Amino acid sequence: MKYPISKGSYVLLFCFFPFFLMGSPLTNADIQSIFSELTVAVGDKSRTLPKVVVRQEKRFGASYKRSENTIFIEQTAIDICNTLGEDAKSAVAFLLGHELTHYYQKHDWQEAGFTTGFLTNAAIFQKHIHHEREADTYSAFITHLAGYNSIKILPELLDKIYQAYGLVGKELRSYPTLAERKAVANEVCKTVQGLIDIYQVGNYLYALGKYEEALVSYEYLLKYVRYKELYNNIGLCALYAALPATRRDFPFDYPLTLDTNVPLRAPSSFTKDELLQKAIYHFAEATTYDASYFVSYLNLVCAYDLAGEFDKVDPLLRSLKKIAFQAEEQQQLNLLEGIQAFRRQQKEVALDYFSRVATNPTFPKLADLANTNLQIVQGQKVQRKAGYQPPRLADKIDGINLLFYENEAADNFLLRDEPLHQQSVLIHSLKSSKIYLFKSNEQVTKIQFTKAPNARTSHNIGIGSSIRQIEVAYPNTEKRLVAHTNGVYLLLEAKGLLFNLDKQNRVLEWCVFIN
């Protein structure tokens, strides 16, 4: 079927705890691989990233030396991480991520030989505690993006590091006390869990086509963390939020990455120009991380075109041709070339570009866009989907009827506080699910998601179900796919169901929702 496509109590020493019980000890190759995964999560290819060196001295645990652009991780710290068993890589990832943040911070507080250290001088720690908190926060979040769970192990990791480095039960003058360090860590864990939840909320709102709401969620994250895809997501949300106001003057369908064929909704509370300039700024920021990041350059061209800044389109298109190595990317360029040809009143040239894409069965999503654009060039009326229709909820998770759910006692994050435009998200954790209430003035979007293996929809769909099983379970329900980095979201809007599928098209988690 083709859908419109609109990512404990025991402290044991090594001599009493054989490695075969813990798993294989981490090697230098493992350390380099973990660091590579972190840099991929950040998406930064624009600058010379630090190298990582394992060394034997026992001083900082992990450190970053700017003069050598090197992150050092000590073998003692790696040995400590190995005692955490299956969480060993998460622990190493956190230490490396912490020092990688110091590389990005670029502040001039490396007083001791221009070196930062995980176990840093007490006076320096207190003087720059906001930098240390920032490093912990950024590290915990990017390790989450890379697939690790640093929040889970951070308190225990600190206990073990202070124990192994002989810093427990002593009057410390050179180092912050364990209690001081853990107080910062506990605050960070709470902050990062909130950021992870808001990130999740933003992704779900995006999949539901709630672009301004997703935009506000992503912009809140930007106060704490920065990485390539976040800038791109903010730009996309701004661009999609602007589309209803641009349709009269710019009726074409653009090859925007992800969700292009979406229901039209009410205009944003931002102006069209504000949204377009916001999109342009954030796409441009994403390209500064990676000069070969085709996706954001492509989106930037679309944003300039929609903003009427045509003088900037052609130079960018020429640059895009130099990095369009994939067949799909070349087809996306054909769509943009067709739009530009029509602007130059070269109707036949535009028809040729759009026809090339429309007749190529390899990329059905792009073919659908091209067929729409062919209709526009030929003067035909294009039918677009109507606005949002409330779903008919038939599913419950944890026995909750989401339609009637309200819980003002949940954790509350104020995302945007402006006169007439206050937006916040309330988060309530239940036994096997979480409920997110996104409030925008008087409107509320409710989302309840679960990863519980035993949670099933009323049609017996749950974790591990295939896309084919969903098709069979809901045969007469309109379905829409929204691509993301690690797979797709499958939306059954009429049923109030949203499934997050992995790259093998199997359910990772699922939601019920209502606006």
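Trainee: Why is Asn 69 called buried?

Mentor: Its relative accessible area is 19%. Buried means under 20%, exposed means over 50%, and partly exposed lies in between, with a 1.4 Å probe and protein chains only. Asn 69 therefore counts as buried. One caution about the source: this is a predicted model, in which local features need pLDDT of at least 70, side-chain atom pairs count only at pLDDT 80 or more, and totals for chains, interfaces and linings use all residues. Residues are numbered from 1 along each chain as its sequence is written, and side-chain values use heavy atoms, with hydrogens and water left out.

Trainee: Where is Asn 69, and what is its phi?

Mentor: Asn 69 sits in the loop between strand 2 (62–65) and strand 3 (70–74). Helices (H or I, at least four residues) and strands (E, at least two) are DSSP runs, numbered from the N terminus. The phi of Asn 69 is near 45 degrees, a positive value in a residue other than glycine.

Trainee: Which class fits Asn 505, buried, partly exposed or exposed?

Mentor: Asn 505 has a relative accessible area of 30%, so it is partly exposed. Its loop runs between strand 11 (497–501) and strand 12 (507–514). Its phi is near 60 degrees, again positive in a residue other than glycine.

Trainee: How do you know that Asn 454 is exposed?

Mentor: The relative accessible area of Asn 454 is 64%, so it is exposed. Look for Asn 454 in the loop between strand 8 (443–450) and helix 17 (467–473). Asn 454 and Ser 432 are 22 residues apart in sequence, yet 9.1 Å apart in space, C-alpha to C-alpha.

Trainee: What makes Pro 25 partly exposed?

Mentor: Its relative accessible area is 35%, so Pro 25 is partly exposed. Pro 25 belongs to the loop between helix 1 (19–22) and helix 2 (28–42). Pro 25 and Gly 85 are 60 residues apart in sequence, with 8.9 Å between their C-alpha atoms.

Trainee: What makes helix 9 mostly covered?

Mentor: Count the buried residues. In helix 9 (residues 211–221), ten of the eleven are buried. Among them are Tyr 211, Glu 212, Leu 215, Tyr 218 and Leu 221.

Trainee: How do you know that helix 7 and helix 8 are roughly antiparallel?

Mentor: Use the angle. The axes of helix 7 (residues 150–164) and helix 8 (residues 178–207) cross at roughly 165 degrees and come within 9 Å. Axes are lines fitted to C-alpha atoms, for helices over the stretch in contact, with angles from 0 to 180 degrees between N-to-C directions. Angles under 35 degrees count as roughly parallel, over 145 as roughly antiparallel, 65 to 115 as roughly perpendicular, and the rest as oblique. Helix 7 and helix 8 are therefore roughly antiparallel.

Trainee: Which residues make the contact of helix 7 with helix 8?

Mentor: Helix 7 offers residues including Ile 151, Leu 154 and Leu 158, and helix 8 offers residues including Ala 185, Cys 189 and Ile 196. Contact means heavy atoms within 4.5 Å. By class, there are ten nonpolar, two polar and three charged residues.

Trainee: Why is helix 12 called roughly parallel to helix 14?

Mentor: The axes of helix 12 (residues 294–306) and helix 14 (residues 327–343) cross at roughly 15 degrees and come within 12 Å. That angle makes helix 12 roughly parallel to helix 14. Their contact includes Phe 294 and Leu 298 of helix 12, and Leu 333 and Leu 336 of helix 14.

Trainee: What makes helix 11 and helix 12 roughly antiparallel?

Mentor: The axes of helix 11 (residues 272–289) and helix 12 come within 9 Å and cross at roughly 155 degrees. Helix 11 is therefore roughly antiparallel to helix 12. Helix 11 residues including Ile 280 and Phe 283 meet helix 12 residues including Leu 300 and Tyr 304. The classes are eleven nonpolar, three polar and no charged residues.

Trainee: Which residues touch the most other members of the largest nonpolar core?

Mentor: Leu 96 and Leu 157, out of 134 residues. Helix 8 gives the most to this core, with 15 residues. A nonpolar core is a set of buried Ala, Val, Leu, Ile, Met, Phe, Trp, Tyr and Cys residues joined through side-chain atoms within 4.5 Å. Leaving aside neighbours within four places in sequence, Leu 96 is in contact with residues including Ile 31, Phe 35, Val 52 and Ile 73. Another core, of 26 residues, lies apart, and Trp 510 is among them.

Methods: Ala, Val, Leu, Ile, Met, Phe, Trp, Tyr, Cys and Pro count as nonpolar, Asp, Glu, Lys and Arg as charged, and the others, Gly among them, as polar.
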